[in-house]
Each structure stands twice: as C-alpha cells, then as structure tokens.
Number of protein chains: 2
Amino acid sequence: MTIKFTIEAKDTGSDARTGEIATGRGFFRTPAFMPVGTAATVKGVWPDQLREMGYGCILGNTYHLYLRPGHERVRRLGGLHRFMGWDRLILTDSGGFQVFSMSGLRKITDEAASFRSHVDGSAHVLTPELAVEIQETLGSDLRMALDECVAYPAERSEAEDAVRRTTLWAGRSVAARRMPEGGMLGIVQGGMYPDLRRRSVEEICALPFDGFAIGGVSVGEGKDLQRETVDRTAPMLPASRPRYLMGVGTPGDLLFAVSRGVDLFDCVLPTRNARNGMMFTSAGQLTVKQARYKDDPLPPDERCGCPTCRTFSRAYLRHLFMQGEMMASMAMTVHNLYFYAKLMEGAREAISRGNFADFVKESHDSGIDRDRNPKEVESL
Amino acid sequence: MTIKFTIEAKDTGSDARTGEIATGRGFFRTPAFMPVGTAATVKGVWPDQLREMGYGCILGNTYHLYLRPGHERVRRLGGLHRFMGWDRLILTDSGGFQVFSMSGLRKITDEAASFRSHVDGSAHVLTPELAVEIQETLGSDLRMALDECVAYPAERSEAEDAVRRTTLWAGRSVAARRMPEGGMLGIVQGGMYPDLRRRSVEEICALPFDGFAIGGVSVGEGKDLQRETVDRTAPMLPASRPRYLMGVGTPGDLLFAVSRGVDLFDCVLPTRNARNGMMFTSAGQLTVKQARYKDDPLPPDERCGCPTCRTFSRAYLRHLFMQGEMMASMAMTVHNLYFYAKLMEGAREAISRGNFADFVKESHDSGIDRDRNPKEVESL
C-alpha cells in the first residue's frame, strides 16, 4: 500500500493536528520527530533503544548510502531495514541537501546535479530519476523528490531558478516512480521570498505526491525568518497530507511548527549536540563540560525518565565527556533523543486533549529553549 | 562481610573448579572473566548490557580514577558503583601495572612508586598505603595490593628485587587495610624465573589475603612462556582461595588457565580488539575490514545469540567500521564480551558436569583461537 495519513484530532487554538502515517510496513503517530541515521546508523544508539523510546520512523541519507556502501549492495543485503536492523519506517531524503551543502564541489543544471564525492573525489551525476531509483533500491518507506536548495541569503533570481528547477525535477521524480509501496513527498523551495514560496507550493502541490515538505530552511536564515517562512508556508500546504519541515530544529522550533500544522521533523541537533556534550532538558540546554557539574550528583534532567537520567549523574557524564569516552556520546544521545521523543509525545497528547497551547506555554515556562546556565564563565 | 569463596564442583581430569565469590554486595560465579572498565566505563557498553550478558564483576583502574576524576570526588558522588551505574561487583587493580607501563615516567623505590601523570605531567607518589586508601575510597569490592611488575625479558636481579619489594608492599597493604567489607588480593611476581615465582608465592601466600593473583604475565613473554608460568604457579596458590590471572587473555588462554585452577580473569582484548574491528567467534578471529565481508549477509558468529549477531551482518559491521561509526565499536564490543561471557559460562557448566576436557576440545576444534581467515590478502 501507499501511505495513509489519518488526522485523529485537531487543536482548537492553532493549526496543530495529531494522527498517524501508515504504510504496509507499519505506522507511526504524528507530529513526529525522526532521528537522523545518515550512514545507516543513528550515531551511538542501538535500534532497540530507538524502539524503546517510541520512534516509529528514522531518516536515512540517500547521498551517503549511494556513495557507501552503495544502494545496490544494500539491496543485495536485504534492503536498508534489514541492513541496519530497523523494522519500523525509514524516510530517505533525496540527496539534494547534501549536494547543496558541498558548494564548491557541485554543478547544477536542469538535467542533473553533478558533484564530486566527499569521500574519494570521484565524479557523480545525480538526476531526479536516479534519486528515486536509489531510494527505491534502498527500500525506504517514505521517499523525497530531488530538489534544489539555495543558501541564505540568495538573490531573488537564484531562488526563482531553484523553484523552477525543483518543480521540473519534482515532475520527473513522480514519473520515475516504480515502487507502489510507501510514499513520495515533494519539497517546496522559494528561499525567504514569500511569493516564490507561494509559487513553489502551487507548483509542487499540483503534483500527485503523498505529502509535502518545506525545504530550504535551516540554511543560515536565523530563527525569526525561519519561523516567518514556516508560518506562511505550512498553511498553504494541503491539510489532508503530511507536512514535513526539513532539518528543524530546537524543541521550541518544533512546537512552533507543530502549532502551524507541521507533522514531521528531522534534525541532527539532538544527536550531534549530544556528541558535543550538550543536552536538551526541560529546564534548558545543559553544557556538560562546564566546571559547575564536576561534583553535581543530579541527573541531567530531574524530570526525565530516560536510561541516562535514571542511571548517570551530571558529574559522571562530565567525567566521561572530558575523558573522551564513547559512553559520553552514547548516554547523551540517548537522553536527547528520549527528550525529543517525549516532547513530541507530549505534543500529540496535548493536541488530543485540546490543550496544546497550555503544553507549549508550560514547555516554554520551564525553559526548554533556554541556555540553562547562560552566565557560566568557563573554568575547566 | 569479607569475601566468601565457595567451590561447588571440581573437574576430574584437571585442576579446574567452579564456584562463587560472594561479598556483602552480591556474588558471581567462577571461573569468571571481568570486563575492563578503566575510566569508570567499559568502553562502548551500557551497564544494563553487561548485566544482561551475565557479568557479575567488572574491573576499575585505580591509577586512572585517582588521576581523573579523583577518588575523593568519586566518594562524594556515592562511590564507584553509583558513579558508574553498576550495582554488581567491582574489582580495582592497585595501579601497579599502569605505573609499570609508563617506564620512562616513573621511579620505584622501596618506599613508593613515583610517576608523572600521563594526563598533565603532574608528579605523584603511589605508596602501597595510598593504593589501598584509593581503592577503599572508591568502594570497590575486591581490591589489589600494590605490586611491582617487571618487563620481559628481565634480568634475574631485577626480577628478584621486584619479588622482594612486592612482598614488602604486600605486608604494608595488609596493614593499611581499613575497610572490613570486600576482599583484598595479593599479587605474585617473579618474572619467568620458576624459583622466584615459588619464592613470591611462599611470601605472598603467607599473608592474610582473601585471594591471590598471578601478576607479571602478558608483558611480552609470549604464549608458551606465559602458559608455562601459569602451569607452574597456579597449583602453588592455596586451593581454598580465588586465583586470579591478571591481564590474560585469548579464549584459549582462558581455558588453559581454568584447567590449571584459575578462577578470575581480566583483559582488554575483547573490548580493545572490538574497537579495532576484530571479533572473537566460535570459529576463530574475524577481522571485519577484510574485503571478503563486503557483501556477507551472515552474522559475525552463526552460533552466537548476542544482540549484535541477532541484528547485524558482517557486511553491515564492515560498513560501520569503514565509516568510523560509533556503532561499529559498540556492536563488536557487545559481541566480544558476550562471547567471553558464554565461554566462561560454558566452562562453568562443563566443570559442573565433569566434562571440562570435552568442552576445551570442542572449543579448540571449532577454532576459537584461530585466525578465521589466515590467507586473506587485504584488498579494500
């Protein structure tokens, strides 16, 4: 079956909604955050741990898996799910954002994105058709059309060109589709130009996609402009289809976008920041290497029930981090992903109960997006 | 209570025995392998995973914990068990082997070992009394007397001097003991000189230790000389007390020593080799980066039921390893520690059943100590 998106409850005071996305493989509840598993692994976390946290869909990177170990190899080994030991859903991006990120190494024409591998410098040509083929070969459940992402700031002409090309590629992606199972999502571009965003929405949403993503954010535009873009763009996307905000963001960013009717998120923040010693907590961001935690016997977040908070103190995590121990990254990644999972779970429940606004207010009052210790002078 | 060592069954064809070591905190069955948790973490493994594998005792490093985060800090944070989230037993070494390892940075007199920290170059003096105090402050269950370890090869006079000093320090360690709970083990030295080993055994075993360790092996003497030393030394140690072979070894080394009546082992091999991409399997050692595993869908060990073998293929682990993904180390560490846990479990059961010789033969026939792919020409 293709995907089935069911909205089960709508918030009364905002555009937030909760429901589920189902495919032949299974389903997961929305709004949902999807941990990023770039190279067929969510760094530092066992698949079982992701399942226990309640994650129902994770993200894989087409670009990385295409280069290594190669999508054909993954197929021979039983597909991406079996390869990485994950039996729930997987969304694969199209590779567009990765190609965009390597500015010096790529060339984009209407035909294709040409780039050199970040691994070995070898030359590759990524067409919309190939992006679909790679994703279908990997066997992901939700697949993205190849888009062209522009940096911020971008000239209007540049953003306009990317909108045109993204639409062109979106049509070719739809035509290239061979796998009936699962879904394909189109991506809206347009930079920070409201009329270009509108044009992109109109063009992309005219195509038979199973859902729609807001791309081209989290590229350096800053929080205000990002929220403005989400605020304007999300409501234009068809309410009956899943809306996906790509590459966003902090806990506060997520709640904001949920209130604007966004259903799906992915972001490296919880995993990457964990490896850099930063934890998200209900009272704000905690930087574990700060000297104040040397003797702190408390768990990272006193309101958290994750395996890390149940077992380890801030002092212990600081010790592990300062020693460069793997367990530092492992434990802080588990905490952050658990925190994100619980945040989304809380949002879903609040929407169901009809008091999402209260949930957002409580989350902000407790300080989720604050720096927990803003005045700390670093003294290791 | 101090420690209670109970022998429950003895092998008929060898000196192997199985039983348990109990302290006020709990007990674990012997013969037992103890994973090494140098800096208050067994690298890459959650405490829960160690428990699930059946480990009842792990090792902590006095030298490392003394330097960082400091034993007094660990005490303030509730002791080593609470600090690292491990509620079963912990054995701490005395720091002697670490001081021995930093040849250029240390000076040893009858009074103490003086050394410079490998971390920041600061000067430290480790006396037998301090080694006891650090371990008691950490709150470990089994503690080791400070010894002097000599390299291989060593002049007779050097080995003799180390025997004398180790005995001197052993007496001071016993006298320095303040904590009645748990046990203290003495260490036998003597290099590869049989008569010095005998002298050291006589002197150390005359002291009121709760168990005895064979130290000064795994220092470059090679497998044959090591086994010779174990073969000669183990039977001289009192049969009623636990015997501990320090820093050993491969699966075959362990089974050999068990057959000579050794009860306890620790070694970095399963954990360190895992991080280097080497797995112990029932059919031999598997080096995961070998090109032959690129497309190999089999689990690392087809006879293994560990979380890694249940979930991941050799091809996937190779991919993770080549990508430098944390999960490579995590998954291979879990496999290797599981393999060691099962090996010891198998040994215990075989001794109980009275067919330890068969177990050893089967293990060797299946090839536990072989290089699984000796003729592989590396072609990545």
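Colleague: In which sense do strand β13 and strand β14 of chain A pair, and over how many bridges?

Modeller: In this predicted model, strand β13 (residues 211–214) and strand β14 (residues 243–245) of chain A are paired in the parallel sense, with three bridges between them. Within that pairing, A:Phe212 stands opposite A:Arg243 of β14(A).

Colleague: What is the strand order of the open sheet that holds them?

Modeller: The sheet is an open one of nine strands in chain A with parallel pairing, and its order reads β4-β15-β14-β13-β12-β11-β7-β6-β5. At the edges stand β4 (32–34) and β5 (36–37) of chain A, and because each has a single partner strand, one side of each is left without a neighbour in the sheet.

Colleague: Which strands does helix α8 of chain A lie across?

Modeller: Helix α8 (residues 194–205) of chain A lies across β12 (183–188) and β13 of chain A, and the helix runs at about 160° to β12(A).

Colleague: Changing topic, what about the open sheet of three strands in chain A?

Modeller: That sheet has the order β1-β2-β3 in chain A, with antiparallel pairing. Its edge strands are β1 (4–10) and β3 (26–30) of chain A, each of which pairs on one side only, and from one strand to the next the twist averages 15°. Between β2(A) and β3(A), which run antiparallel, there are five bridges, and A:Ala22 has A:Phe27 in β3(A) as its bridge partner.

Colleague: Which helix packs on that sheet?

Modeller: Helix α14 (residues 326–353) of chain A does, touching β1, β2 and β3 of chain A, and the direction of this helix makes about 120° with that of β2(A).

Colleague: How is chain A divided in the domain assignment?

Modeller: The assignment gives domain 1 (4–266) and domain 2 (274–366) of chain A, and the C-alpha centres of these two domains lie 26 Å apart. In the contact between them, 26 residues of domain 1 of chain A meet 23 residues of domain 2 of chain A.

Colleague: And which element gives the largest share on the domain 1 side?

Modeller: On the side of domain 1 of chain A that touches domain 2 of chain A, the elements giving two or more residues are β2 (17–23), β4, α1 (47–53) and α10 (251–259) of chain A, and the largest share, six residues, comes from α10(A). The residues of that side divide into 13 nonpolar, nine polar and four charged.

Colleague: Now the two chains: what turn lays chain B on chain A?

Modeller: A turn of 180° with a shift of 0.0 Å along the axis lays chain B on chain A with an RMSD of 0.0 Å, which is the relation of a two-fold axis. In chain B, the C-alpha nearest that axis belongs to B:Met326, at 3.8 Å from it.

Colleague: How many residues does each chain bring to the contact?

Modeller: Chain B brings 29 residues and chain A brings 29 residues. On the side of chain B that touches chain A, α3 (71–76), α4 (79–84), α13 (314–322) and α14 (326–353) of chain B each supply at least two residues, and α13(B) gives the most, with four residues. Since 100% of the interface residues of chain B are also interface residues in chain A, the copies meet through the same surface.

Colleague: One last residue: is B:Thr281 buried or exposed?

Modeller: B:Thr281, which has its place in strand β16 (residues 278–281) of chain B, is buried, because 23 other C-beta atoms lie within 10 Å.

Key:
Residues are numbered from 1 along each chain as its sequence is written. Chains are lettered from A and ligands numbered from 1 in the order in which they are written. This is a predicted model: local features need pLDDT of at least 70, side-chain atom pairs count only at pLDDT 80 or more; totals for chains, interfaces and linings use all residues. Copies are superposed by least squares on the C-alpha atoms of residues with pLDDT of at least 70 in both. Two residues are in contact if their C-beta atoms, placed from the backbone, lie within 7 Å. Two strands pair if DSSP finds at least two bridges between them. Axes are lines fitted to C-alpha atoms, for helices over the stretch in contact, and angles run from 0 to 180 degrees between N-to-C directions. Domain bounds come from an automatic or database domain assignment. Ala, Val, Leu, Ile, Met, Phe, Trp, Tyr, Cys and Pro count as nonpolar, Asp, Glu, Lys and Arg as charged, and the others, Gly among them, as polar. A residue is buried if 20 or more other C-beta atoms lie within 10 Å of its own, exposed if 12 or fewer, and partly exposed in between; C-beta atoms are placed from the backbone.
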